[in-house]
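Here are my notes from going through the model, point by point. Have the viewer open while you read, and skip around as you like.

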There are 2 protein chains.
Amino acid sequence: MAQKIKLSTIAETLGISTATVSLALRDSPLVAANTRDKIKDQARALGYIYNRRAASLRTSRSGIIGVVVHDIMNPFYGEILKAIESELDRSRHTFILSNHYDSVEKQRTFIETLLQLGGDGVIMSPAIGTPPEDFELAEENGMPAILVARQIDALDLPTFRGDDSYGISLATNHLISLGHRSIAMIGGTDQTSTGRDRYQGYVNALRKAGIEVDPDLRIPGARSKQGGFEAAVHFLSLPQKPTAAVCWNDLVAIGLMNGISRAGLVPGRDISVTGYDDLEEAAIATPALTTVWNGQAEVGRLAARALLDRLAGSHEPDGIHLIKPEMRIRQSTVPYKAR
Amino acid sequence: MAQKIKLSTIAETLGISTATVSLALRDSPLVAANTRDKIKDQARALGYIYNRRAASLRTSRSGIIGVVVHDIMNPFYGEILKAIESELDRSRHTFILSNHYDSVEKQRTFIETLLQLGGDGVIMSPAIGTPPEDFELAEENGMPAILVARQIDALDLPTFRGDDSYGISLATNHLISLGHRSIAMIGGTDQTSTGRDRYQGYVNALRKAGIEVDPDLRIPGARSKQGGFEAAVHFLSLPQKPTAAVCWNDLVAIGLMNGISRAGLVPGRDISVTGYDDLEEAAIATPALTTVWNGQAEVGRLAARALLDRLAGSHEPDGIHLIKPEMRIRQSTVPYKAR
DNA sequence: GCGGCGCGATTAAACCTTTTAATTAAATAT
DNA sequence: ATATTTAATTAAAAGGTTTAATCGCGCCGC
């Protein structure tokens with residue numbers, strides 16, 4: 001490996017000072033146009049590589065933004081990440097991604113690493129049970145945090161997420177309007193704010209329609225296809241013989257439909273199923289999945305925007321920004337027929 | 001934000017030198033045990049945060065490893081990433097993730113950013129059409145590169161991938177042994193080494209069985225569910241009426257099966273379908289997908305291991321390391337019946 | 001009583017860039 | 001010709017950590 005080219009290498013070969021080189025490369029108006037061009041040409045010719053860590057040591061701005069979610073392999077987060085990525089791309093920021101798999105421990109390690117690297121900010125979907133101190137750690141050290149998808153009640157951080165309670169009530173109402181009365185809710189947990197909101201939306205819709213809420217119809221579980229698939233057995237053996245299922249998300253819904261098919265029944269004919277999130281996959285599932293658009297791309301975009309704005313100095317109001325979900329009706333839901 | 005705590009802050013409050021503090025925090029044997037403990041306690045008490053950029057400026061080791069693949073939302077890469085992540089986790093390295101979406105431009109930008117950050121190494125699944133110079137750039141600047149899933153013919157970099165030709169021939173042979181004679185190959189491109197290998201595997205298997213290769217039965221397309229779904233129409237309208245399809249990967253296969261269902265036929269009864277990769281999802285698809293295990297976890301693990309070894313000094317031999325795929329037979333493939 | 005040895009701690013330089021204040025050179029005004 | 005303004009460049013310090021070289025000191029053996 002040839003020896004490292006630095007500012008001073010360029011300066012020496014050109015017989016000028018490093019200060020001028022530095023200024024020229026940053027396009028400062030302080031340096032004459034033709035010296036600037038000469039410098040840039042030389043930098044290119046020598047294969048100069050800007051040393052960000054030296055620079056950021058001086059400027060205390062690293063250009064690094066951390067993003068941490070539960071699991072990047074989950075398409076729900078994937079769609080959020082994609083939006084964040086494309087927003088950050090056009091702003092010369094590098095982003096560091098991590099999963100926390102709902103381990104508070106892992107999440108804290110990530111925040112610490114990011115602080116060590118001098119991260120400019122962080123966008124997070126916090127792990128279940130995150131203690132507020134972990135975020136205060138970030139803020140205290142000058143690293144602003146923005147929350148997506150989940151909120152932390154004790155903290156007043158800028159948060160972008162869908163209106164879960166409203167969204168699930170949309171799905172539940174849709175099933176009720178099709179004549180269903182025995183409706184199960186499948187997947188997810190009640191230990192997150194999201195979980196409580198969703199359950200609340202389900203309960204509210206049922207109550208409003210005068211349907212009694214049966215706690216046995218709540219089947220929590222993993223928020224994955226696997227989770228939905230596994231829930232199918234339990235679901236089909238319920239004594240109440242539900243005719244419809246409101247699922248935690250599209251993954252659970254697709255898994256559940258697979259499980260139902262495996263048992264010889266036909267989803268979208270014998271059983272109505274709704275999803276949540278409107279993943280790309282929902283439209284091509286069989287049957288095409290009725291679901292609730294949850295605006296993940298919007299969430300990601302707004303969160304990234306908010307962080308960039310804050311880094312640029314503007315301190316926009318904290319608090320929770322809710323995206324209004326919308327119904328997407330497809331073939332997995334049909335009018336009630338006795339089973 | 002309270003003012004920054006640095007080594008010298010700790011040193012002053014304790015009336016010792018920063019050198020001692022630095023050594024103590026790195027657990028150097030040069031400092032006495034009880035001073036070390038005192039220092040560590042004080043560091044914790046003051047909320048000291050290690051400044052990695054200052055350190056790496058000095059040591060020229062950043063602890064950062066770059067990972068770039070086509071698309072992290074693709075579960076095939078997701079499984080590789082997960083393996084890399086867990087291997088890197090236990091070694092105090094931070095990893096920076098990026099998609100290149102097969103844009104050589106985006107890939108180069110990423111490599112440059114990584115160099116600026118002083119990345120210690122990079123693991124890549126190179127973009128289609130990557131010019132060798134882009135990797136030489138990395139190597140020249142002391143940043144070793146390891147390839148996964150795809151290779152670059154002109155370069156002798158350490159590469160870990162499945163044996164595609166062999167793997168696809170396994171799938172094709174399986175269908176032939178079930179009596180199928182008109183077998184299509186769906187999805188993917190022939191512009192990557194992977195693509196050419198896979199097509200070769202398909203062709204070889206057919207030839208060996210004395211079946212004529214019909215180029216019309218090759219339907220290239222996006223390597224996604226969407227791609228498979230869209231290919232279904234074309235597939236079903238082929239004049240040759242194929243009774244089976246070898247798909248580029250599980251996503252294409254699942255999409256194709258969805259498309260076939262949508263057209264009123266039953267995959268795993270009317271049409272046999274094989275996937276590739278054995279994603280978690282394959283087992284719970286309906287019907288459960290016959291596919292080829294491609295060892296993504298193994299690929300990721302070995303690649304990470306190889307990079308860490310190289311960073312630790314050992315220069316293991318370059319070249320291509322092939323993982324031997326294995327057949328996973330499930331319900332999506334059935335014996336031939338005239339259609 | 002002295003040279004030598006080891007332990008524990010320190011000094012000081014180095015890593016590379018940015019930025020402010022200062023300097024020099026050139027242009028304009030008087 | 002000199003004084004003043006403007007433009008272009010530079011010197012030097014700062015940013016936080018690591019590490020080779022050095023130092024001080026108590027102790028051992030002779």
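1. Let's start with a spot check: is Thr243(A) buried or exposed? Bear in mind that this is a predicted model. Thr243(A) counts as buried, because it has 22 C-beta neighbours inside 10 Å and the cut-off for that label is 20 or more. As for its place in the chain, Thr243(A) is in the loop between α10 and β8 (244–247) of chain A. If you want a long-range distance to go with it, Thr243(A) and Glu133(A) are 45 Å apart in space, C-alpha to C-alpha, with their positions 110 residues apart in sequence.

2. Next, Ile39(A), which is part of helix α3 (residues 33–46) of chain A. With 23 C-beta neighbours inside 10 Å, Ile39(A) is buried too. Setting aside anything within four places in sequence, its contacts are Ile10(A), Leu14(A), Val21(A), Ala24(A) and Leu25(A). Gly227(A) is another matter: Ile39(A) and Gly227(A) are 188 residues apart in sequence and 60 Å apart in space, C-alpha to C-alpha.

3. Now the DNA, beginning with strand C. Which residues come nearest to DNA strand C? Of the 25 residues around this strand, they are Lys6(A), Leu7(A), Ala19(B), Thr20(B) and Ala32(B). Two or more residues of this surface come from each of α1 (7–14), α2 and α4 of chain A, and likewise from each of α2 and α4 of chain B. Sorted by class, the surface near DNA strand C has 12 nonpolar, eight polar and five charged residues.

4. DNA strand D has 28 residues around it, and Lys6(B), Leu7(B), Ala19(B), Ser22(B) and Ala55(B) come nearest. Chain A supplies at least two residues from each of α2 (18–25) and α4 (52–59), while chain B does so from each of α1 (7–14), α2 (18–25) and α4 (52–59). The largest share, five residues, is that of α4(B). The class count for the surface near DNA strand D is 15 nonpolar, eight polar and five charged residues.

5. On to the protein–protein side. How many residues of chain A are in contact with chain B? There are 39 from chain A, in contact with 39 from chain B. On the chain A side, the elements giving two or more residues are α4, α5 (75–89), β2 (94–99), α6 (104–116), α10 (225–236) and α11 (250–262). The largest share of that side belongs to α4(A), with five residues. By class, the chain A side divides into 16 nonpolar, 15 polar and eight charged residues.

6. A helix pair in chain B deserves a look. The axes of α6 (residues 104–116) and α7 (residues 132–140) of chain B come within 10 Å and cross at roughly 5 degrees. α6(B) and α7(B) are therefore roughly parallel to each other, since angles under 35 degrees get that label. Gln107(B), Arg108(B) and Ile111(B) make the contact from α6(B), with Asp134(B), Leu137(B) and Ala138(B) from α7(B). That gives three nonpolar, one polar and two charged residues.

7. For the core, the largest nonpolar one has 158 residues, and Leu256(A) and Leu256(B) touch the most other members. Beyond residues up to four places away in sequence, Leu256(B) touches Ile186(B), Gly228(B), Phe229(B), Ala231(B), Ala232(B), Phe235(B), Ala245(B), Cys247(B) and Val273(B).

8. Finally, some backbone geometry to look at. Most residues other than glycine have a negative phi, and most peptide bonds are trans. The bond from Thr286(A) to Pro287(A) is cis, with omega near -5 degrees, and the bond from Thr286(B) to Pro287(B) is cis with omega near -10 degrees. Pro287(A) lies in the loop between β9 (272–274) and β10 (291–293) of chain A; Pro287(B) lies in the loop between β9 (272–274) and β10 (291–293) of chain B.

9. The chain B loop between β9 and β10 also holds Asp277(B) and Asp278(B). Asp277(B) has a positive phi of about 120 degrees, and for Asp278(B) phi is positive as well, near 55 degrees. Asp277(B) counts as buried, with 29 C-beta neighbours inside 10 Å. Asp278(B) is buried with 25 other C-beta atoms within 10 Å.

Notes:
Residues numbered from 1 in each chain as written. Chains lettered and ligands numbered in written order. Predicted model: local features only at pLDDT ≥ 70, side-chain atom pairs only at ≥ 80, totals over all residues. Helix = DSSP H or I, 4+ residues; strand = E, 2+ residues; numbered from the N terminus. Buried ≥ 20, exposed ≤ 12 C-beta atoms within 10 Å, placed from the backbone. Contact = placed C-beta atoms within 7 Å. Near = placed C-beta within 6 Å. Nonpolar A, V, L, I, M, F, W, Y, C, P; charged D, E, K, R; others polar. Axes fitted to C-alpha atoms, helices over the stretch in contact; angles between N-to-C directions. Parallel < 35°, antiparallel > 145°, perpendicular 65-115°, else oblique. Core = buried A, V, L, I, M, F, W, Y, C linked by C-beta atoms within 7 Å.
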